[in-house]
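The exercises below are to be worked with the sequence and the coordinates at hand. Each task is followed by a solution in steps.

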Amino acid sequence: MEHQAIVNALQEQTVLLPDGTRLPAIGQGTWNMGGIPLVKDQEIKALQHGLELGMAVIDTAEMYGEGNSERLVGEAIQGKRDKVFLVSKVYPQNAGLDRIKKSCEQSLKRLNADTLDLYLLHWRGQIPLEETVEGMEQLKREGKIKRWGVSNFNTKDMEELWRAPNGKNCATNQVLYHLGSRGIEFSLMDWHENHGIPIMAYSPLAQGGSLRKELLTNEVLGQIAARHNAAPLQIALAWTLRSRNILAIPKAGQAAHVQANAEAAAIKLTDEDLRLLDGAFPPPAHNMPLDMI
């Protein structure tokens, strides 16, 4: 696809945050990036290529390489901060009032940024949600973050968060979601739709192993890809966006892979495509534990 066509597709395929901010539905993940010096320049160029195409959301975390991913992102976005919706995550053990400010400041230092557009609790730990929310709200008041959210929360967790003071200020919930991991569809997706909070899907193309292989080799997925003149993984990524309430953040360490991900925004799956994919990758028939990586 031509550059402008990709940009246009990403501008049309968007997700709305509770505060009215509209974001392209495909962003960039950075898990396992920044740890290998040999490919550092390649990874930086990949992130910058994504920004040029309009993939504004870049997601990282203090956990990723113990800060190496944040440092890589910091280099990639220098001089381009106005094009970036910057996301990072705090360890659960650092999400109390005694540590969350320091963790956020350290992330900002590694990112060479003044503020985060979104700060997430990476997963639920032992610190009470009320305390974490209070810490997040304080960071907002100090201008260190613009909004906050959570990650790896199931429906019960979200309901508890919603009851906490200021818990309704949560902007998103980042969870594992792809064709081979559809457990969130049983109740969590509906909860988010009903409460006007989008989901961020991490590892939307699966993360190595047998599940990734299945996406690459599944016959039905391959047939649909051929009809759309696309690759199977592009179909899998386009599928995650079908509800218009999901922002997918695939990781890509090469510019060519970033380009392929961005092109998925232009793929329009038909009702028949979706029916066939449901047959090949069945939706959940009962409640199940939240998948995590």
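**Exercise 1.** Classify Arg-244 as buried, partly exposed or exposed from its relative accessible area, and locate it relative to H10 and strand E10.

Solution. The model is a predicted one.
- Step 1: the relative accessible area of Arg-244 is 44%.
- Step 2: buried means under 20% and exposed means over 50%, with partly exposed in between.
- Step 3: Arg-244 is therefore partly exposed at 44%.
- Step 4: Arg-244 sits in the loop between H10 and strand E10 (246-249).
- Step 5: the phi angle of Arg-244 is near 65°, which is a positive value in a residue other than glycine.

**Exercise 2.** Treat Asn-229 in the same manner: state where Asn-229 is found and what its phi is near.

Solution.
- Step 1: the loop between helix H9 (219-227) and helix H10 (232-240) holds Asn-229.
- Step 2: phi of Asn-229 is near 55°, again positive in a residue other than glycine.
- Step 3: the relative accessible area of Asn-229 is 76%, so Asn-229 is exposed.

**Exercise 3.** How many of the residues of H10 are buried, and against which elements do the buried residues pack?

Solution.
- Step 1: nine of the nine residues of H10 are buried, so the helix counts as mostly covered.
- Step 2: among the buried residues are Pro-232, Leu-233, Ile-235, Leu-237 and Trp-239. Gln-234 and Thr-240 also belong to the buried set.
- Step 3: the packing partners of these buried residues are helix H8 (209-217), H9, E10, H11 and helix H12 (271-280).
- Step 4: one residue-level contact to H10 can be traced through Asn-261, a residue of helix H11 (255-263). Asn-261 touches Leu-237, and Leu-237 is one of the buried residues of H10.
- Step 5: the other residues that Asn-261 touches, apart from those up to four places away in sequence, are Ile-26, Met-55, Leu-205, Pro-250 and Ala-252.
- Step 6: with a relative accessible area of 8%, Asn-261 is buried.

**Exercise 4.** Which backbone atom lies 2.8 Å from a polar atom of the side chain of Ser-151? Describe the surroundings of Ser-151 as well.

Solution.
- Step 1: Ser-151 belongs to strand E7 (148-151).
- Step 2: Ser-151 has 1% relative accessibility and therefore counts as buried.
- Step 3: the atom asked for is the backbone oxygen of Gln-174, 2.8 Å from the polar side-chain atom of Ser-151.
- Step 4: beyond its neighbours within four places in sequence, Ser-151 is in contact with Gln-174, Asn-173, Lys-89, Leu-121, His-122, Trp-123 and Arg-124.

**Exercise 5.** Decide whether Thr-155 is buried or exposed, and find the backbone nitrogen that its side chain reaches.

Solution.
- Step 1: Thr-155 is in helix H6 (155-163).
- Step 2: at 15% relative accessibility, Thr-155 is counted as buried.
- Step 3: the side chain of Thr-155 reaches the backbone nitrogen of Leu-188 at 3.3 Å.
- Step 4: setting aside residues up to four places away in sequence, Thr-155 touches Ser-187, Leu-188 and Trp-191.
- Step 5: Ile-100 is 55 residues from Thr-155 along the chain, and their C-alpha atoms are separated by 24 Å.

**Exercise 6.** For Asp-98 and Gln-254, give the place in the chain and one C-alpha to C-alpha distance.

Solution.
- Step 1: Asp-98 is in the loop between strand E5 (85-90) and helix H4 (100-111). At 66% relative accessibility, Asp-98 counts as exposed.
- Step 2: Asp-98 and Pro-284 lie 40 Å apart, C-alpha to C-alpha, and 186 residues apart in sequence.
- Step 3: Gln-254 is in the loop between E10 and H11, and its relative accessible area of 37% makes Gln-254 partly exposed.
- Step 4: between Gln-254 and His-192 there are 32 Å in space, C-alpha to C-alpha, for 62 residues in sequence.
- Step 5: Gln-254 is in contact with Gln-42 and Ala-46, leaving aside neighbours within four places in sequence.

**Exercise 7.** What radius of gyration does the protein have, and what would a compact globule with 293 residues have?

Solution.
- Step 1: a compact globule with 293 residues would have a value near 19 Å.
- Step 2: the protein has 18 Å, which agrees.
- Step 3: the C-alpha trace spans about 55 × 45 × 35 Å along its principal axes.
- Step 4: buried residues make up 53% of the 293 residues.
- Step 5: of the contacts between residues at least 6 apart in sequence, 77% join residues at least 24 apart.

Note on methods. Residues numbered from 1 in each chain as written. Predicted model: local features only at pLDDT ≥ 70, side-chain atom pairs only at ≥ 80, totals over all residues. Heavy atoms only, no water. Helix = DSSP H or I, 4+ residues; strand = E, 2+ residues; numbered from the N terminus. Buried < 20%, exposed > 50% of the residue type's maximum accessible area, 1.4 Å probe, protein only. Polar contact = N/O pair within 3.5 Å; in protein donor to acceptor, adjacent residues only side chain to side chain. Contact = heavy atoms within 4.5 Å. Rg over C-alpha atoms; globule rule 2.2 N^0.38 Å.
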